[in-house]
Amino acid sequence: MSTLQTSSASGLAQGQAELVLDATSTRLSWPGSTASQVVLPLGLVSTGQRFRSTVPTPLELETVIAEVEDIVMPLAAKVPADLVLHLSGPAVALLADQIGHTRSGRVDVGVDEFEAVFNELAALSLGRPLSQTTLPLGPGLSVSVVVIRELLHHLRFRGLSMSLA
């Protein structure tokens, strides 16, 4: 279950929500009349343990998608729509070189572009040869892709950004 906490809006850019994926949890912060933060039990390692190999099986992928949806859907009424989701933390290293458009140390990705990354992961789970991908495969990447995709879709974010430090 998630833990909803009230926090200050400091650190959040206008029109932006902050997403931090780490080993054991996911923290999502967003602005509003009172800025809010939620900590979700979805971690790169803790959730990644559900994937038994480098490429998830279709059943493993569907199981994790269902789990993430169950956790994310209650937030739909709380998080304002049309924000840009800004990714921080270890997941940036997994994704930044693979997707988006780099501009001065920043990667911006549209929802459709990110959906293409998810579709590639799904195709690999269904048997597409590994030689046909450049994704840095592993449980951490699979968790990152599923969590971000579900957040973009169900919470109506307009895109994803990452800062390369």
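**Positive phi values in two loops and the packing of α1 with α3**

Aspartate 82 is found in the loop that lies between α1 (58–72) and β5 (84–88) of this predicted model. The backbone at aspartate 82 has a phi near 70 degrees, a positive value in a residue other than glycine. With a relative accessible area of 48%, aspartate 82 is classed as partly exposed, because that class lies between the limits of 20% and 50%.

A positive phi also occurs at arginine 156, where the angle is about 60 degrees although the residue is not a glycine. Arginine 156 is placed in the loop between α4 (139–154) and β8 (159–163). The relative accessible area of arginine 156 is 38%, and this residue is therefore partly exposed.

Helix α1, which precedes the loop of aspartate 82, packs against helix α3 (residues 111–125). Two packed helices are described by the angle between their axes and by the distance between the axes. For α1 and α3, the angle is about 140 degrees and the axes are 8 Å apart. The arrangement of α1 relative to α3 is therefore oblique, since only angles over 145 degrees count as roughly antiparallel. On the α1 side, the contact is made by Pro58, Leu61 and Ile65; α3 contributes Phe118, Leu121, Ala122 and Ser125. Classified by residue type, the contact of α1 with α3 comprises six nonpolar residues and one polar residue, with no charged residues. The polar residue is Ser125 of α3.

Conventions: Residues are numbered from 1 along each chain as its sequence is written. This is a predicted model: local features need pLDDT of at least 70, side-chain atom pairs count only at pLDDT 80 or more; totals for chains, interfaces and linings use all residues. Side-chain values use heavy atoms; hydrogens and water are left out. Helices (H or I, at least four residues) and strands (E, at least two) are DSSP runs, numbered from the N terminus. Buried means under 20% relative accessible area, exposed over 50%, partly exposed in between (1.4 Å probe, protein chains only). Axes are lines fitted to C-alpha atoms, for helices over the stretch in contact, and angles run from 0 to 180 degrees between N-to-C directions. Angles under 35 degrees count as roughly parallel, over 145 as roughly antiparallel, 65 to 115 as roughly perpendicular and the rest as oblique. Contact means heavy atoms within 4.5 Å.
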